[in-house]
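Me: I'd like to go through this one and ask where the labels come from. Could you take it with me, one label at a time?

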Amino acid sequence: MFLHANLAKKAPMSSLVSAVEVDLDLIRRFDQSGPRYTSYPTADRFIEAFGAEAYESWLSRRNVGGVQRPLSLYVHLPFCNTICYYCGCNKVVTRDKSKGDVYLKHLAAEISLQSSALSDHDSRVEQMHWGGGTPNFFRIEQLAGLFHDLRNNFDMDPNGEYSIEIDPRYADAAYIMQLRDLGFNRISMGVQDFDSEVQRAVHRIQSESLTMELIAAARSCGFQSVNSDLIYGLPKQTLVSFDRTLARVIDASPDRIALYNYAHLPHLFKPQRRINEADLPAPDTRLKLLGLAIKRLTDAGYVYIGMDHFAKADDSLAVAQRQGRLHRNFQGYSTHADCDLLALGVSAIGGIGPTYSQNFRGLDEYYECLGRNILPIMRGIELTADDLLRRAVIHTLMCHFALSKESLAISYLIDFDSYFATELTELREFEQLGLVNLDEEWITVTPKGRLLVRNICMVFDRYLHHDRERRRYSKVI
Ligand code: SF4
């Protein structure tokens with residue numbers, strides 16, 4: 001069963017006002033490890049038995065049944081010029097630009113294999129995102145070649161949303177304008193923190209004036225949306241220094257702001273071992289940094305979308321949330337709920353029909369498969385009826401903070417209260433603490449519960465029953 005339903009369409013008005021209330025005591029109490037639910041089941045549940053053959057088969061029949069779902073493309077460009085110590089991404093740090101040419105050659109082969117696995121007239125793309133790594137590791141001519149390959153293989157909607165991540169340290173205004181000419185209309189720039197001590201501690205020296213200049217350039221050449229990424233909890237960060245960064249970012253007025261929590265997991269991410277743990281803000285300061293950022297951003301008119309994301313009230317994300325059309329995927333939140341996500345490049349994760357899959361994480365294996373004309377799928381999963389139902393519950397709560405039990409019951413042919421009897425009992429504890437409201441028809445996350453929506457969703461995660469497993473994830477806040 002693979003049903004799509006607009007499960008938040010009739011949300012109570014209170015839930016449509018995206019207020020968030022910071023209750024530090026409650027956050028302290030629930031400061032445990034938990035997944036981010038960019039997918040459900042989470043990627044660590046994917047299995048190797050789901051390989052290239054299974055993926056290809058789903059790709060070719062993704063629209064069986066007559067519903068023509070458009071595509072969203074994700075393109076992973078893994079190279080970076082230097083290492084940032086906080087990094088937890090899949091990247092290759094090198095100054096050797098020729099490695100980029102080898103990669104693009106293989107990516108072109110993957111694009112061609114993936115597009116030929118689609119059935120006829122099934123390649124309409126409404127949305128695309130290029131992430132990394134550092135996409136602007138590449139020269140503009142190299143990116144132009146890649147865009148050209150994609151246009152040749154897919155039917156790119158002229159009114160689509162095309163976005164790219166940029167490291168401002170390796171771009172200038174002319175480069176930004178050339179990206180616009182290529183066809184990108186959304187851009188995301190990493191800021192993290194403008195404070196020079198913080199920048200030294202994380203090995204990412206990035207001039208504030210250059211960042212501002214690039215944001216201005218993006219505006220002047222017609223990018224429809226500019227996003228800035230910030231991180232709290234970095235070494236040497238203080239309330240005073242971060243307040244200054246926030247003020248500068250608010251002055252630059254990006255349409256969207258992502259505010260990530262630095263998760264210090266040096267046993268998983270080697271570069272983080274170069275961070276001096278003594279420089280990390282104390283847990284209490286970390287929470288105050290979060291509280292400060294939320295206050296500054298919401299006072300400045302940004303709407304809290306959920307899980308690390310803020311947007312201006314007239315931005316398409318905030319509008320989609322108000323209209324019950326918001327969707328969650330591997331890039332966070334998206335306005336394109338009806339798209340299948342076709343992922344390209346090393347380590348990229350996609351979702352086609354009721355499946356998820358991930359490409360090989362190492363360049364060698366990725367190149368080796370493509371050299372043999374095989375799609376480089378490392379692992380994946382075909383969702384069961386129970387997975388699909390729980391994914392709908394989790395993503396609806398994450399996107400809209402409210403869930404109509406009746407909508408779920410109708411879409412998935414279940415009696416909600418008996419199917420989720422155990423979960424509803426568990427939710428009573430959250431209700432007593434004022435984090436959720438439970439009534440006959442709705443589960444509603446209160447403004448106080450919104451920062452803890454991950455914890456609320458974890459109640460519905462069938463795979464997460466043991467505390468031992470929970471410890472493997474990053475902290476919730
Ligand atoms: S944070 Fe971004 S730019 Fe820095 S090493 Fe990681 S992927 Fe590269």
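Me: What makes Ala117 count as partly exposed?

Reply: This is a predicted model, so the count comes from its coordinates. Ala117 has 19 C-beta neighbours inside 10 Å. Buried takes 20 or more and exposed takes 12 or fewer, so a value in between gets the label partly exposed.

Me: Where is Ala117, and which residues is Ala117 in contact with?

Reply: Ala117 sits in helix H4. Leaving out neighbours within four places in sequence, its contacts are Glu56, Leu59 and Ser60. There's also a distance for Tyr55: its C-alpha atom and that of Ala117 are separated by 9.5 Å, with the two residues 62 apart along the chain.

Me: Which residues of helix H3 are buried?

Reply: In H3, residues 52-60, they are Tyr55, Trp58 and Leu59. Seen down the axis of H3, its buried residues fall within an arc of 100°, so they line one face of the helix. What covers them includes H4, S14, S15 and strand S16.

Me: What makes S14 and S15 count as paired strands?

Reply: Pairing needs at least two bridges, and S14 and S15 have four, so they qualify; the sense is antiparallel. One of the partnerships is Ile349 with Gln358 in S15. The two strands form a hairpin with two residues between them, and Gly353 in the turn has a positive phi of about 55°.

Me: Which way do the residues of S14 point?

Reply: Ile349 and Gly351 go one way, Gly350 and Ile352 the other, and all are buried.

Me: How do you know that strand S7 is mostly covered?

Reply: By counting: six of the eight residues in S7, which spans 225-232, are buried.

Me: Which strands does S7 pair with?

Reply: S6 is one of them, parallel to S7 over six bridges, with Ile187 matched to Val226 in S7. Strand S8 also runs parallel to S7, again joined by six bridges, and there Leu230 stands opposite Leu259.

Me: What kind of unit do S7, helix H9 and S8 make?

Reply: A right-handed β-α-β unit. The name right-handed applies because, with the strands pointing away from you, the path from the first strand over the helix to the second runs clockwise.

Me: How do the residues of the shell around the ligand divide?

Reply: Into five nonpolar, three polar and two charged. Among the residues around the ligand are Cys80, Cys84, Cys87, Cys89, Lys91 and Asp167. Gly132 and Gly133 are there too, and they go in the polar group because Gly is counted that way.

Conventions: Residues are numbered from 1 along each chain as its sequence is written. This is a predicted model: local features need pLDDT of at least 70, side-chain atom pairs count only at pLDDT 80 or more; totals for chains, interfaces and linings use all residues. A residue is near a molecule or strand if its C-beta atom, placed from the backbone, lies within 6 Å of it. The arc is that of the directions from the helix axis to the C-beta atoms. Two residues are in contact if their C-beta atoms, placed from the backbone, lie within 7 Å.
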